[in-house]
Amino acid sequence: MPQIIFLPHDELCPDGAALEAKEGETVLDVALKNGISIPHACEKSCACTTCHVVIREGFDSLEESDELEDDMLDKAWGLEAESRLGCQAKIHDEDLVVEIPKYNLNIVNEEH
């Protein structure tokens, strides 16, 4: 079973976390079910950039992003070559190391 290591984030995951994941789950779903409240203003429909994450290790194990995700990522604050939307990044058989950016374009962070 693959593992996702979330690097420490001051507000969402101060101590970092190492979480078990099932193949086919998204990075966002694994985070949410384990109490890491990554913002997701569009309810996981690939219509915003609030769940933007950076895959520090294991990026090549993910399916390639599609055109819609790429278009949304172009609007993300702090975009990097290994950026993905957490709601679209499906886990396969390799471990991931994920960084949640400190900032996103969401002005208000609603609890879901």
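Between which strand and which helix is the loop that holds Asp60 found? Select Asp60: the loop runs between strand E3 (52-57) and helix H2 (67-73). Helices (H or I, at least four residues) and strands (E, at least two) are DSSP runs, numbered from the N terminus.

This is a predicted model, in which local features need pLDDT of at least 70 and side-chain atom pairs count only at pLDDT 80 or more, while totals for chains, interfaces and linings use all residues. Residues are numbered from 1 along each chain as its sequence is written, and side-chain values use heavy atoms, with hydrogens and water left out.

Now show the whole protein chain. It has 2 helices and 5 strands, in the order β-β-α-β-α-β-β from the N terminus. The C-alpha trace spans about 35 × 30 × 20 Å along its principal axes. Of the 112 residues, 42% are buried (under 20% relative accessible area, 1.4 Å probe, protein chains only; exposed is over 50%, partly exposed in between).

Return to Asp60, which is exposed, with a relative accessible area of 74%. Add Glu20, Glu23, Glu82, Asp93, Glu94 and Asp95 to the selection; together with Asp60 they form a negative surface patch. Patch residues have over 30% relative accessible area and no salt bridge (a side-chain nitrogen of Lys or Arg within 4 Å of a carboxyl oxygen of Asp or Glu), and like charges are joined within 9 Å.

Next, select Glu11, in the loop between strand E1 (3-6) and strand E2 (17-20). Glu11 is exposed, at 70% relative accessible area. Finally, add Glu25: its C-alpha atom and that of Glu11 are separated by 24 Å, with the two residues 14 apart along the chain.

Notes:
Patch = residues over 30% accessible without salt bridge, like charges linked within 9 Å, V, L, I, M, F, W, Y side chains within 5 Å. Areas by Shrake-Rupley, 256 points an atom, 1.4 Å probe, with all protein chains shown as cover. Lys, Arg positive; Asp, Glu negative; His and termini not counted. Charge placed at Lys NZ, Arg CZ, Asp CG, Glu CD.
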